[in-house]
Amino acid sequence: MNWIFAPFKFFGSITHRFIRELGRMGCFFAESLFWMAFPPYLMQRIVRRIHFIGVKTSSVIVLTGAFTGMVMALQVYYVLVKFGAEASLGPVVALSLIRELGPVISALMVIGCAGSALTAEIGIMRITEQIDALDAMALNPYKYLIIPSLLAGVISLPLLNAIFVTVGVFGGYAVGVGLMGISSGTYFGGIRDFVEAKDILEGIYKSLSFGVLITLISCYKGYYTGYGAEGVSKATTQAVVLSSVTILVWDYFMTSILVT
Amino acid sequence: MIEVVDLYKSFNDHPVLKGINLRVDEGKTLALIGGSGKGKSVLLKIIIGLMRPDRGKVLIDNQDIGRLRGKALKRLKERCGIVFQGGALFDSLTVFENIAFPLEEKTRMKASQIRDTVMRELARVGLSGSETKYPAEISGGMKKRVALARCLVMNPEIVLFDEPTTGLDPLIGKAIHKLIRECQKSLNFTAIIVTHEIPAIFSMVDRVAMLFDGKILAEGTPGEIETTKDPVIHQFIHGELEGPITIQ
Ligand SMILES: Nc1ncnc2c1ncn2[C@@H]1O[C@H](COP(=O)(O)OP(=O)(O)OP(=O)(O)O)[C@@H](O)[C@H]1O
Ligand SMILES: [Mg+2]
């Protein structure tokens, strides 16, 4: 009879684990927000965290931004030519970068460069009892580790996104104007005419929320890591996979809300 | 005063502590001995509030640490210090910064004052000259001493030492014992020292307790423990292979 119940048991346990995990993460987030309301505000730690996230990621952001813009221009150009609309290359590239590709790809880069490092760092602090040591000194680990990371994520993601988009637009310019021979005025003029403030706001809202999600998941996974090196490596992998998936799913919902 | 009342703790249905009762009077030191992996470190973590027991309570100066919240808990923790078995040094900070950390975060000392205090503390544990090194660059024994310095720099009233001398060479081990005793005399803190240094520890503590099978098997003065007729304790402190304790 056991085999009849096995699938139910399997899905039941998965659902149970998922809900428990979600609940714990919610509590973790709520606790972080709670402690954020009280001083001390450790400015120095926040700045150091921004440095940690920003410096680790910015060169990668510039590189991926440039190539994303270039490949976008290339692809879009060949489609637009079919409609005889190559003049609108600028706004098409800029809009897709600003509203979609910028926030999402820069978030993915931050996950790879800084999110994983954040999980590993906090995880190692956990297994070597450094978090316990903070706690034993009557210092709140949320204040010292989690909150600075969360704030740094919220601050640096929009900035990295802005770098990505800017570099991407110029990458598109290089291909569109340099290779395909669109005039420079058409490229930027189109962007000026068609990109509105609300498009830029959409990108900013997205990267703000991605900043929270990435650092929240990375910190959470590190804070509740398993034992030993294996525990930390598992936590790091889970943090990367979970935050990437969450970003893409969340992006869909953000878009559907913001567009309508 | 530290008082442990009827404490139980198990991990995944594996009982580790099964009804611990223990009491350390104000200003006294107690050596906690017992087999490896039998729950000594767990007991210390529960006492200082880092782990929650399944049952039972810990009273520090008659305050139940499991029931305290907020400011009161913070104040109590500030009076306590713990030296972790593995040191638990912050590996992103240098030796100097590690010892300065609690001073910077918890006191209003000036930078120059902090510097003097840290250097004095480092000299006391015999580590002058290592202040710019990172924990990864120093030996295990040095880490132990830095951890000790980081704990003692705050002048705690209650200190829990988790194997402060394990892994040190005999000379430094002796020096650390002497240091602990001197600090105890000058600060008059209450201490629990988890240790495997038998019989060296007997000459420097007021009482000895033996943890066996999740309970405190015996507690008494070092003299009483040393001359006990109990076959388990006798076997353990003399390190005999034949006897009631079996190594599985
Ligand atoms: N966080 C934990 N999760 C699960 N089991 C644990 C945990 N911490 C300790 N244990 C278990 O509790 C038991 C006691 O561990 P503890 O570290 O207290 O031993 P110990 O007496 O300090 O040993 P040693 O003298 O070697 O340091 C061990 O069997 C260990 O496996
Ligand atoms: Mg131990």
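These are my notebook entries on two protein chains and a ligand in a predicted model.

**Entry 1: chain A overall**

I started with chain A and looked up its secondary structure. I found eight helices and zero strands. Reading along the sequence, I wrote the pattern down as α-α-α-α-α-α-α-α. Then I checked the dimensions: the C-alpha atoms of chain A fill a box of roughly 65 × 60 × 35 Å, taken along the principal axes.

**Entry 2: how chain B is divided**

Next I turned to chain B. Which residues belong to which domain of chain B? I noted domain 1 as 1–79 + 157–215 and domain 2 as 86–155. I see that domain 1 is written as two stretches of sequence. The C-alpha centres of the two domains of chain B lie 22 Å apart. For the contact between them, I counted 15 residues from domain 1 of chain B and 10 residues from domain 2 of chain B.

**Entry 3: the contact between the two domains**

I wanted a size for this contact. The size of an interface is often given as the accessible area lost when the parts come together. For domain 1 and domain 2 of chain B, I get about 1,100 Å² buried, with 74% of it on carbon and sulfur atoms.

How many salt bridges are there between the two domains of chain B? I found one. Glu78(B) and Lys106(B) form a salt bridge through their side chains, at 2.8 Å from N to O. I also have three residue pairs in polar contact between the domains, both residues of a pair being at pLDDT 80 or more.

I then asked which elements build the domain 1 side of this contact. Helix H2 (70–79), strand S7 (158–162) and helix H6 (170–187) of chain B each supply at least two residues to it. H6(B) gives the most, with five residues. Sorted by class, the domain 1 side has 10 nonpolar, one polar and four charged residues.

**Entry 4: where chain B meets chain A**

Now the contact between the chains. Chain B puts in 18 residues and chain A puts in 16 residues. Together the two chains bury about 1,400 Å², 61% of it on carbon and sulfur atoms.

I went through the salt bridges here too. There are two across the interface of chain B and chain A. In one of them, Asp135(A) pairs with Lys77(B), and their closest N and O atoms are 2.7 Å apart. I also noted six residue pairs in polar contact across this interface, again with both at pLDDT 80 or more.

On the chain B side, the elements giving two or more residues are H2, strand S6 (80–83) and helix H3 (95–106) of chain B. H3(B) gives the most, with four residues. I tallied the classes on this side of chain B as nine nonpolar, one polar and eight charged.

So H2 of chain B is in my notes twice: it supplies residues to the side of domain 1 that touches domain 2, and H2 also supplies residues to the side of chain B that touches chain A.

**Entry 5: a salt bridge I followed up**

Over all chains, the structure holds 21 salt bridges. I picked out Lys45(B) and Glu129(A), whose side chains meet at 2.6 Å, N to O. Why does this pair join two chains? Lys45(B) lies in helix H1 (residues 40–47) of chain B, while Glu129(A) lies in the loop between helix H3 (89–127) and helix H4 (130–136) of chain A, so the pair joins the two chains.

**Entry 6: ligand 1**

Where does ligand 1 lie? I located ligand 1 between chains A and B. There are 14 residues around it, and the ones that come nearest are Tyr227(A), Ser36(B), Gly37(B), Ser41(B) and Gln85(B).

I looked up some distances around ligand 1:

- A nitrogen atom of ligand 1 sits 2.7 Å from an N or O atom in the side chain of Tyr227(A).
- An oxygen atom of ligand 1 is 2.7 Å from a polar side-chain atom of Gln85(B).
- A polar backbone atom of Val42(B) lies 2.9 Å from an oxygen atom of ligand 1.

**Entry 7: Thr228(B)**

Last, I checked a single residue. Thr228(B) is in the loop between helix H7 (222–226) and helix H8 (231–238) of chain B. Leaving out residues up to four places away in sequence, Thr228(B) touches Ile233(B) and His234(B). A polar atom of the Thr228(B) side chain is 3.0 Å from the backbone nitrogen of Asp230(B). I also noted Ala218(B), 10 residues along the chain from Thr228(B), with their C-alpha atoms separated by 9.5 Å.

Definitions and conventions: Residues are numbered from 1 along each chain as its sequence is written. Chains are lettered from A and ligands numbered from 1 in the order in which they are written. This is a predicted model: local features need pLDDT of at least 70, side-chain atom pairs count only at pLDDT 80 or more; totals for chains, interfaces and linings use all residues. Side-chain values use heavy atoms; hydrogens and water are left out. Domain bounds come from an automatic or database domain assignment. Contact means heavy atoms within 4.5 Å. Buried area is the accessible area (1.4 Å probe) that two parts lose on being put together, summed over both. A salt bridge is a side-chain nitrogen of Lys or Arg within 4 Å of a carboxyl oxygen of Asp or Glu. A polar contact is a pair of N or O atoms within 3.5 Å; within protein, one must be able to donate a hydrogen and the other to accept it, and residues adjacent in sequence count only if both atoms are side-chain atoms. Ala, Val, Leu, Ile, Met, Phe, Trp, Tyr, Cys and Pro count as nonpolar, Asp, Glu, Lys and Arg as charged, and the others, Gly among them, as polar. A residue is near a molecule or strand if one of its heavy atoms lies within 4 Å of it.
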